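Here is a colleague's note, written for someone who is meeting this structure for the first time. Please keep the sequence and the 3D view open while reading, and look up each residue as it comes.

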Amino acid sequence: MKLIFGDSHVGALIMGSEKYENQFKLNASHGQNLIDIELTETKDTLRLFSEKVADTPALDITLSKGDRVVFSGPLHSSIVSRHRFWKASAPWTMHESFPHHQLVSSNYVRIVAQDRTASMVHFLQVAKNMGINIAVIEPPRPSRRALTASGVDEVLMAHVDAAYRNAVRTLVKATGTFVISTPEATHDGTFMLPDYQAFSETDVHHGNKDYGILALANAAAFLDDETSGAEDAKTTTDTSQTDTPQTGKARKSILQKLLKS
């Protein structure tokens with residue numbers, strides 16, 4: 001099976017998928033469904049499940065050994081970088097630029113990244129160990145609409161966003177998982193270009209169909225390349241060698257209150 005699934009950013013890829021017909025499946029869920037994924041592993045299959053959040057359906061996907069998968073979720077930085085917390089707080093390394101902000105440890109963003117992605121990174125490692133060929137796709141860069149909506153300073157948002165994505169990339173790559181970067185044509189190096197923003201003025205972080213077309217081309221290239229991903233595999237733990245299901249649920253997030261909007 002060839003599959004692209006994950007958070008709501010898959011929605012833009014679905015909009016841009018017309019020319020691919022039935023070459024692969026696409027499944028868009030909600031980012032909150034990825035915070036605490038329950039994994040059930042057998043010798044050749046891996047089921048991902050999390051209960052429904054608000055009005056979104058439950059996440060319930062079963063992967064098999066040899067599947068080629070693109071996963072959207074770990075690099076979703078917008079919920080962190082545009083959070084109102086940064087209206088009055090800043091990493092210590094930026095104290096000269098923001099002398100009146102409450103300073104937090106320079107490691108704070110890295111710790112938040114570790115916490116928010118713990119379940120997703122665990123899934124990546126289990127999938128790689130099972131022989132599932134998987135890549136993580138990066139979402140769009142933040143939209144400048146988020147500056148107006150959040151009130152966070154532009155320089156500070158850019159710094160936090162980059163720090164978060166870099167921290168998550170390190171975690172993802174440590175599992176041997178390939179990262180598909182957001183298309184260069186869609187951003188100015190920091191923020192998403194207006195031509196690729198979602199059409200709704202209230203949408204501060206999604207891409208539109210034109211964004212989806214470019215991003216999907218990169219994802220499709222990974223799905224079609226039967227050699228990609230194999231050389232990146234790392235086996236750091238011994239997975240189950242029986243057909244008896246093993247159910248494991250990642251720890252609950254310890255920083256959700258800090259990031260609750």
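1. What share of the contacts in the protein with a separation of 6 or more is made by residues 24 or more positions apart? Residues that far apart along the chain account for 73% of these contacts. In this predicted model, the protein has seven helices and 11 strands, and 51% of its 261 residues are buried.

2. Before going into detail, a word on confidence. The average pLDDT of the protein is 86, and 86% of the residues score at least 70. One stretch needs caution, since over residues 229–261 the pLDDT stays under 50. The model does have 70 contacts beyond four places in sequence for that stretch, but where pLDDT is low, the predicted coordinates should not be read in detail.

3. The largest nonpolar core is a good place to begin looking at the interior, and it has 45 residues, of which F5, F71, W86 and F123 have the most contacts inside it. Two or more residues of this core come from each of several elements, including the strands β1 (2–6), β4 (45–50), β5 (59–64), β6 (68–72) and β9 (133–137), together with the helices α3 (108–130), α4 (145–150) and α5 (154–174). Among the contributors, α3 gives the most, with 10 residues.

4. Which residues does F5 touch, if those up to four places away in sequence are not counted? The list is V10, N27, L48, L59, I61, V69, V70, F71, S72 and F123, and two of these names, F71 and F123, have already appeared with F5 among the residues with the most contacts inside the largest core. Apart from this core lies another, of 19 residues, which includes I4, Y211, A220 and F222.

5. Two buried residues show how parts of the chain that are distant in sequence are placed in space. V121 is found in helix α3, and because its relative accessibility is 15%, under the 20% limit, V121 counts as buried. Leaving aside residues up to four places away in sequence, V121 touches L171 and T175, while its C-alpha atom is separated by 9.0 Å from that of V168, which is 47 residues away along the chain. N133, in turn, lies in strand β9 and counts as buried at 18% relative accessibility; the C-alpha atoms of N133 and F178 are separated by 9.4 Å, although the two residues are 45 apart along the chain.

6. E21 deserves a separate look for its backbone. Most residues other than glycine have a negative phi, yet the phi of E21 is near 50°, a positive value in a residue other than glycine. The place of E21 is in the loop between α1 (10–15) and β2 (25–28). Is E21 buried or exposed? With a relative accessible area of 69%, E21 is exposed.

7. The largest pocket has a volume of about 440 Å³, and 25 residues line it, with Q32, H76, I79, R82 and R116 lying nearest its centre. Helices α3 and α4 each supply at least two residues of this lining. By class, the lining residues of the pocket divide into nine nonpolar, 12 polar and four charged.

8. How many cavities of 30 Å³ or more are there? The count comes to three, and the largest cavity has a volume of about 60 Å³. The residues that line the largest cavity are I4, H9, V10, L13, S72, I137, E138, P139, P140, Y211 and A215, with α1 and α6 (209–224) being the elements that give two or more residues to this lining. The lining of the largest cavity divides into eight nonpolar residues, two polar and one charged.

9. The second largest cavity holds about 40 Å³ of space, and its lining consists of H9, H76, S77, S78, P139, P140, R141, P142, D161, R165 and H205. Three of these lining residues are nonpolar, five are polar and three are charged. When comparing the lists, note that H9, P139 and P140 line both the largest cavity and the second largest cavity, and that H76, which also lines the second largest cavity, is one of the residues nearest the centre of the largest pocket.

How values were computed:
Residues numbered from 1 in each chain as written. Predicted model: local features only at pLDDT ≥ 70, side-chain atom pairs only at ≥ 80, totals over all residues. Heavy atoms only, no water. Core = buried A, V, L, I, M, F, W, Y, C linked by side-chain atoms within 4.5 Å. Buried < 20%, exposed > 50% of the residue type's maximum accessible area, 1.4 Å probe, protein only. Helix = DSSP H or I, 4+ residues; strand = E, 2+ residues; numbered from the N terminus. Contact = heavy atoms within 4.5 Å. pLDDT = per-residue confidence, 0-100. 1 Å grid on protein atoms, 1.4 Å probe; cavity = no way out; pocket = protein on both sides within 12 Å on 5 of 7 lines; lining within 4 Å. Points joined across faces, edges and corners; volume = space filled by probe spheres on them. Nonpolar A, V, L, I, M, F, W, Y, C, P; charged D, E, K, R; others polar.
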